[in-house]
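Work through the exercises below with the sequence and the model side by side. Try each task before reading its solution.

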Amino acid sequence: MEKKLIQEPNNILKIVLFGPESTGKTTLSRDLARHYNTVWVPEYARTYLQEKWDNEHKVCEKEDIIPIAIGQMNLENKLAKKANKVLICDTDLLETKVYSQEFYDGFVDKRLDEVARKNKYDLYFLTYIDTPWIADDLRDRPQQRLEMFTAFEKALKEHDRPYILLKGTKTQRLQKAVKAIDRLLSGFNFANLLT
């Protein structure tokens with residue numbers, strides 16, 4: 001396995017915001033990091049692909065997937081060292097894998113598949129599509145939101161990842177997420193619910 005894709009070990013809780021584009025993941029990541037006085041890991045793909053769009057007027061291609069995955073893990077590993085008990089991740093490599101499968105007719109680089117299976121997180125928040133669609137240079141599937149949501153939920157189930165579905169307003173989502181993270185901080189293990 002490529003070393004640059006490996007998740008470095010640490011003793012912090014790792015939380016992932018997971019789901020289709022334009023479902024409030026970044027907003028919630030920022031709000032949770034603020035609430036827990038910690039850092040959050042932004043989605044590297046947005047920076048990478050915005051730069052590609054601005055410079056070449058091109059969208060994501062298969063060849064971009066591994067550089068995006070490497071950039072994401074580099075950010076996560078770097079920010080995990082600065083986290084205060086909890087690291088909030090706006091995405092993870094399982095999400096990158098889902099996008100690869102959905103956008104490239106089932107294609108997933110075997111290196112990405114391997115690390116997406118091995119990387120460990122304490123809890124996922126699956127964000128529902130009940131938020132307004134906000135268009136930008138990179139978002140491109142407003143008519144397929146339910147299809148993408150289904151693909152994300154299926155991936156969590158297939159990979160036995162503990163997750164909580166977040167619906168409703170920004171405030172409702174934040175309250176539900178904080179309640180779950182507080183339970184983790186007090187010693188509860190959502191992964192036990194899977195067995």
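The exercises cover the sheet, the helices packed on it, the nonpolar cores and one residue in detail.

This is a predicted model, in which local features need pLDDT of at least 70 and side-chain atom pairs count only at pLDDT 80 or more, while totals for chains, interfaces and linings use all residues. Residues are numbered from 1 along each chain as its sequence is written, and side-chain values use heavy atoms, with hydrogens and water left out.

**Exercise 1.** Determine the strand order of the open sheet and which strands lie at its edges.

Solution. Start from the elements: helices (H or I, at least four residues) and strands (E, at least two) are DSSP runs, numbered from the N terminus. Two strands pair if DSSP finds at least two bridges between them. Next, take the pairs. β2 and β3 run parallel and are joined by two bridges; one of the bridge pairs is V41 with C89 in β3. β1 and β3 are also parallel, with four bridges, and L13 stands opposite V86 of β3. At the other end, four bridges link β4 (residues 123-127) to β5 in parallel, with F125 partnered by I164 in β5. The order of the five strands is β2-β3-β1-β4-β5, with parallel pairing. β2 (40-41) and β5 (163-166) each pair on one side only, and these are the edge strands.

**Exercise 2.** Describe how α1 is placed against the strands and against α7.

Solution. First, the strands: α1 (residues 25-35) lies across β1 (13-18), β2, β3 (86-89), β4 and β5, at about 155 degrees to β1. Axes are lines fitted to C-alpha atoms, for helices over the stretch in contact, and angles run from 0 to 180 degrees between N-to-C directions. Second, the other helix: the axes of α1 and α7 (residues 170-185) come within 10 Å and cross at roughly 50 degrees. The two helices are therefore oblique to each other, since angles under 35 degrees count as roughly parallel, over 145 as roughly antiparallel, 65 to 115 as roughly perpendicular and the rest as oblique. Third, the contacts (heavy atoms within 4.5 Å): T27, L28, D31, L32 and H35 of α1 meet K170, R173, L174, A177, V178 and I181 of α7.

**Exercise 3.** Which elements supply the largest nonpolar core?

Solution. A nonpolar core is a set of buried Ala, Val, Leu, Ile, Met, Phe, Trp, Tyr and Cys residues joined through side-chain atoms within 4.5 Å. Buried means under 20% relative accessible area, exposed over 50%, partly exposed in between (1.4 Å probe, protein chains only). The largest core has 35 residues, and F18, L87 and F152 are among those with the most contacts inside it. At least two residues each come from β1, α3 (65-80), β3, α4 (93-103), α5 (110-118), β4 and α6. The largest share, seven residues, is that of α3. Another core, of 18 residues, lies apart from it and includes L17, L32, I88 and F125. In β3, V86 and I88 point one way and L87 and C89 the other way, and all are buried.

**Exercise 4.** Is T127 buried or exposed, and what does T127 touch?

Solution. Locate T127 in strand β4. Its relative accessible area is 0%, so T127 is buried. Beyond its neighbours within four places in sequence, T127 is in contact with L17, F18, G19, P20, T23, K25, F149, L166 and R173. Of these contacts, K25 is 102 residues from T127 in sequence, yet the C-alpha atoms are 6.9 Å apart.
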